[in-house]
Amino acid sequence: MPNGRVHSASSLVVAISGATTMLLLNRGAECIVGVSTGALIGILLSPDADVNGGSIADYYIRRYSGVAVEVAWDSIWAVYRKVCKHRGFISHFPVISTVLRIAYLAVFYFLIATPLKWLSGFVRIDWALFLWWAFVGLVLADTSHWGLDKLDEMMGGRL
C-alpha cells in the first residue's frame, strides 16, 4: 500500500492541477479555491480514516495541532473504523466513500457550522458554490488515492 506521504503528495498535485484548470477555464474564486481546498482536505478526510493504527492525517494533526486535538480527531473516527473494513468498498470507492465520510461527519456538523457563519460576516462568498467545488476537489483526491492503491496492488506492493 502506498504510504501516507504518497497519498498526501497526490492530493497536493490534485489541488494544484485542479486550481490551475479552474484558473485556465476562467472560473470564479469559489471554484478555484473550492477545488483546491477540497483536495487538500482530502489529506485529512482520507479514505484511510478506517485504519486502526492511525493515518497520515493523525500525524499531521498531532504535529501541527497537538496531541489533544489528535486524540479528539481519532475519537471522532472510532465508530467509522469499526464499521469500515480497510480498503473496502465503503471506505475507498470514489464518490461513494466520499459521500459516506461527509455524511458521517455531518453528525459533527455543529463544529463546522458556527465558524462558517462567523466567516460569512467577513467574507463575501457564494458558500454553496464554494462547498460544491470543495466536494469536487475531495472526490478528485479520493479518486487519486483509490487509483494509487489499485496501482500498488498491480505492482505487487512496490509503490
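This is a short walk through one predicted model, from overall fold to single residues.

Start with the fold. The protein has nine helices and zero strands. Read along the sequence, the pattern is helix after helix, α-α-α-α-α-α-α-α-α.

Next, dimensions. The C-alpha trace spans about 45 × 35 × 30 Å along its principal axes. How does the radius of gyration sit against a compact globule? For 159 residues, the globule rule gives a value near 15 Å, and the protein has 16 Å, so the two agree.

Now burial and contacts. Of the 159 residues, 40% count as buried. Take the contacts with a separation of 6 or more. Residues 24 or more positions apart account for 73% of them.

On to the surface. The protein exposes about 9,300 Å². Carbon and sulfur atoms supply 70% of that area. As for charge, there are 13 positive and 11 negative charges. Their mean positions are 1 Å apart.

Aromatics next. With ring centres within 6.5 Å as the cut-off, the count comes to eight aromatic pairs. One of them is F89 with F93, and that pair is stacked. The centres are 5.0 Å apart, with 25° between the planes. F93 is partly exposed, at a relative accessible area of 34%. There is also a cluster to look at. W73, W77, Y80 and Y104 form one aromatic cluster.

Keep W73 and W77 in view, and go to L45. This leucine is in the loop between α2 and α3. Is L45 buried or exposed? L45 is buried, because its relative accessible area is 11%, and the cut-off for buried is under 20%. Set aside residues up to four places away in sequence. L45 then touches W73 and W77, two members of the aromatic cluster. L45 also touches R101, L105, L138 and D142. And L45 pairs up in space with A57: 12 residues apart in sequence, 7.6 Å from C-alpha to C-alpha.

Stay in that loop. D50 is there too, between α2, residues 29–44, and α3, residues 56–65. Here we have an aspartate that counts as buried, at 3% relative accessibility. What surrounds D50? Leaving aside neighbours within four places, D50 is in contact with Y80, R81, C84, K85, H86, R87, S91 and H92. Y80 we have met already, in the aromatic cluster. One more distance for D50. I90 is 40 residues away in sequence, yet the C-alpha atoms of D50 and I90 are 9.8 Å apart.

R87 is on that contact list, and R87 deserves a stop of its own. R87 lies in the loop between α5, residues 78–83, and α6, residues 89–92. The backbone has a positive phi here, about 65°, although R87 is not a glycine. R87 counts as partly exposed, at 28% relative accessibility.

Where is another non-glycine with a positive phi? Look at N26, in the loop between α1, residues 4–24, and α2. Its phi is about 60°. N26 is exposed, with a relative accessible area of 70%. So N26 counts as exposed, whereas R87 counts as partly exposed.

Two more residues, then I am done. V71 sits in helix α4, residues 67–76. At 46% relative accessibility, V71 counts as partly exposed. V71 and D58 are 13 residues apart in sequence and 8.5 Å apart in space, again C-alpha to C-alpha.

Last, the C-terminal side. L159 lies in the segment after α9, which covers residues 127–154. L159 is partly exposed, with a relative accessible area of 37%. D149 is 10 residues away from L159 in sequence, and the two C-alpha atoms are 8.7 Å apart.

To recap. We have nine helices and zero strands. The loop between α2 and α3 holds L45 and D50. L45 is buried, and D50 counts as buried. L45 touches W73 and W77, while D50 is in contact with Y80. Those three aromatics belong to one cluster, along with Y104.

Technical notes:
Residues numbered from 1 in each chain as written. Predicted model: local features only at pLDDT ≥ 70, side-chain atom pairs only at ≥ 80, totals over all residues. Heavy atoms only, no water. Helix = DSSP H or I, 4+ residues; strand = E, 2+ residues; numbered from the N terminus. Rg over C-alpha atoms; globule rule 2.2 N^0.38 Å. Buried < 20%, exposed > 50% of the residue type's maximum accessible area, 1.4 Å probe, protein only. Contact = heavy atoms within 4.5 Å. Areas by Shrake-Rupley, 256 points an atom, 1.4 Å probe, with all protein chains shown as cover. Lys, Arg positive; Asp, Glu negative; His and termini not counted. Charge placed at Lys NZ, Arg CZ, Asp CG, Glu CD. Phe/Tyr/Trp six-rings, centres within 6.5 Å; stacked < 30°, edge-to-face > 60°.
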